[in-house]
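Please open the model in your viewer and keep the selection tool at hand for the stops below.

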Amino acid sequence: MTTTANRLTVAPFRQVLGRPLRVGGIDYLNSRPLIECFDEVAGDEVRLTNHVPSELARRLRSRELDVALVPIVEYFLSPCAAEYRVVPGLGISSYGAVESICLFHRVPLGRVERVALDSTSMTSQLLTRLFLAERPTGAWRSPDIDGATAPRVESSDPDEILAILEGRDPGGAESFDAALLIGDSALRVEPRREWRSIDLGLEWTRWTGLPFVYALWVHHGDALPGIAECFQTVAHRGFARIDAIVDRGPLPPGMSRSHAIRYLSQVIRYGLGAAELEAVRVFVRRLRRAELIGADAPEELRFLAVGD
């Protein structure tokens, strides 16, 4: 059990706010190092709850949460974006294969007409739509894409997508030609043989030479000293405990201990440096060019101050 003596001194969020700092995380395997040590570091100064990415974005907009690990596109699409500030130095990204953002297709990409998009996703939905929008230009250099027309896309429940991919819902097999799954659902799926998989993190890096940033810690509200330091300390302690995080589990079905450790320590990246910031700029520019976001969406992130 964590005792008060083991906790660091953090900013008195309760004293300033009259309540704990409300933090929203995601109970995906790839986010656990970022949320593992909140109790140890902050105690009752922080109240952590977990939600799927799309719900995190909604709660941050409505100020039900003060800080949330939101999909990166929330920062650019939200009507509250001017009030958002990013915790510096932290994010969830990959360079090359990410393994947990997968587009499955059962027909050649040039013949895909209907696409089911994991409804819990925001950033990965737009990344998929960008991938499909760029197909006629060959920008992604993927096979079977020349001359393709834009397919119809719709949000779908990830459990329903899983059931169809794995053949547990034979009646739904003809309902779409391709499907996006993210997070632990993508890690656990065992699709039938007719479904082929595209790792969108790998495709992005092949296309741009850059990492891809999926999520950020974003604060919504008046400036509050100490948030950045608190979150950075929580993350650094979590990075040192990946083995323990994996041993405690649960892991996606079928994932071995060694795979989970490799995934968290080598596949997923948690820094937010110059390459990641450039990747954000490139993503926004590509989305604008494809008219998937407005032309006025900002390219630059605004950060919480450190040391105030």
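The tour goes from a helix to a group of aromatic rings and ends at a charged patch.

This is a predicted model, in which local features need pLDDT of at least 70 and side-chain atom pairs count only at pLDDT 80 or more, while totals for chains, interfaces and linings use all residues. Residues are numbered from 1 along each chain as its sequence is written, and side-chain values use heavy atoms, with hydrogens and water left out.

Select first residues 123–133, helix α6, where 9 of the 11 residues are buried, so that the helix is largely enclosed by the rest of the structure; buried means under 20% relative accessible area, exposed over 50%, and partly exposed in between (1.4 Å probe, protein chains only). Among the buried residues are Leu-126, Leu-127 and Phe-131.

Next, select Trp-204, Trp-207, Phe-212, Tyr-214 and Phe-283, which form one aromatic cluster. Rings of Phe, Tyr and Trp (its six-membered ring) pair if their centres lie within 6.5 Å, and planes under 30 degrees apart count as stacked, over 60 as edge-to-face and the rest as tilted. The structure holds 11 aromatic pairs, and one of them joins Trp-204 and Trp-207 edge-to-face, at 5.3 Å centre to centre with 90° between the planes. Trp-204 is buried, at a relative accessible area of 0%, and Trp-207 also counts as buried, at 15%. Phe-212 and Phe-283 are likewise edge-to-face, because their centres are 4.8 Å apart and their planes lie at 75°.

Finally, select Asp-169, in the loop between α7 (158–165) and β9 (178–182), which is partly exposed at 32% relative accessible area.

Terms used
Helix = DSSP H or I, 4+ residues; strand = E, 2+ residues; numbered from the N terminus.
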